[in-house]
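Here's a short tour for anyone meeting this structure for the first time. Take a look at the picture, then read on.

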Amino acid sequence: MSDTNRQQALLELVLRLGDNSLVNGHRLSEWCSKGPILEEDLALANIALDCIGQARLLLTYAGEMEGKGR
């Protein structure tokens with residue numbers, strides 16, 4: 001496998017992981033304020049924020065890898 005193919009495969013993987021984290025974060029945030037116990041609501045909100053933070057990190061890294069200034 002050439003370096004170009006490896007770089008493209010890594011970029012695709014990072015984009016997929018970023019997209020998954022973003023969708024999971026948004027889906028978890030939809031459950032905020034619907035839990036039966038306050039602690040569960042706060043835990044879900046914190047996990048959703050963690051997922052969105054991971055998505056931001058991964059998608060920023062993918063943009064840097066791509067090198068197009070996105």
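## Two helices covering each other

Part of the cover over the buried residues of α2 comes from α1. It works the other way round too: α2 is among the things that cover the buried residues of α1. Keep in mind that this is a predicted model. The protein's secondary structure amounts to two helices and zero strands.

Which residues of α1 are buried? They are L11, V14, G18, S21 and G25. An α-helix has 3.6 residues a turn, so residues three or four places apart point the same way. Over in α2, the buried set is D41, A48, C51, A55, A62, G63 and M65.

## Overall shape

What does the whole thing look like? The C-alpha trace of the protein spans about 55 × 25 × 15 Å along its principal axes. Its radius of gyration is 16 Å, while a compact globule of 70 residues would come in near 11 Å.

Buried residues account for 17% of the 70 residues in the protein. The protein exposes about 5500 Å², and carbon and sulfur atoms supply 57% of that area. As for charge, there are 7 positive and 10 negative charges, and their mean positions lie 9 Å apart.

Now for the contacts. Taking those in the protein with a separation of 6 or more, 65% are between residues 24 or more positions apart.

## Helix α1

Helix α1 runs over residues 3-30. With 28 residues, α1 reaches 41 Å from its first C-alpha to its last, close to the 40 Å expected at 1.5 Å a residue.

Two residues here are worth a visit. V14 sits in helix α1, and V14 counts as buried because its relative accessible area is 5%, under the 20% cut-off. Who does V14 touch, not counting residues up to four places away in sequence? Its contacts are L58, Y61, A62 and M65. Of these, A62 and M65 are on the buried list of α2.

Further along helix α1 you'll find S21. Is S21 buried or exposed? S21 has a relative accessible area of 10%, so it's buried. Leaving aside its neighbours within four places in sequence, S21 is in contact with C51, I52, Q54, A55 and L58. L58 is a name you've already met, as V14 touches it as well.

## The loop

Between α1 (3-30) and α2 (38-66) comes a loop, and S33 is found there. S33 counts as exposed because its relative accessibility is 61%, over the 50% cut-off.

How far is S33 from V14? The two are 19 residues apart in sequence, and their C-alpha atoms are 31 Å apart in space.

## Helix α2

Helix α2 covers residues 38-66. Its 29 residues should span 42 Å at 1.5 Å a residue, and since its end C-alpha atoms are 42 Å apart, the two figures agree. After α2 comes G67, which has a positive phi, near 75°.

D41 belongs to helix α2, and at 12% relative accessibility D41 counts as buried. What does D41 contact once its neighbours within four places in sequence are left aside? The list is W31, C32, S33, K34 and G35. So here's S33 again, the loop residue.

C51 also has its place in helix α2. With 14% relative accessibility, C51 counts as buried. Not counting residues up to four places away in sequence, C51 touches S21, L22, N24, G25 and L28. Its partners S21 and G25 are both on the buried list of α1.

## Distances to N24

N24 makes a handy reference point for two residues of α2. The C-alpha atoms of C51 and N24 are separated by 6.6 Å, though the two are 27 residues apart along the chain.

I47 is in helix α2 too. Its relative accessible area is 41%, so I47 is partly exposed. I47 and N24 are 23 residues apart in sequence and 9.4 Å apart in space, C-alpha to C-alpha.

Definitions and conventions. Residues are numbered from 1 along each chain as its sequence is written. This is a predicted model: local features need pLDDT of at least 70, side-chain atom pairs count only at pLDDT 80 or more; totals for chains, interfaces and linings use all residues. Side-chain values use heavy atoms; hydrogens and water are left out. Helices (H or I, at least four residues) and strands (E, at least two) are DSSP runs, numbered from the N terminus. The radius of gyration is taken over C-alpha atoms; the globule rule is 2.2 Å times the number of residues to the power 0.38. Buried means under 20% relative accessible area, exposed over 50%, partly exposed in between (1.4 Å probe, protein chains only). Contact means heavy atoms within 4.5 Å. Accessible areas come from the Shrake-Rupley method with a 1.4 Å probe; for residues, only the protein chains shown count as cover. Lys and Arg count as positive and Asp and Glu as negative; His and the chain ends are not counted. The place of a charge is taken as NZ of Lys, CZ of Arg, CG of Asp or CD of Glu. The expected span of a helix is 1.5 Å times one less than its number of residues.
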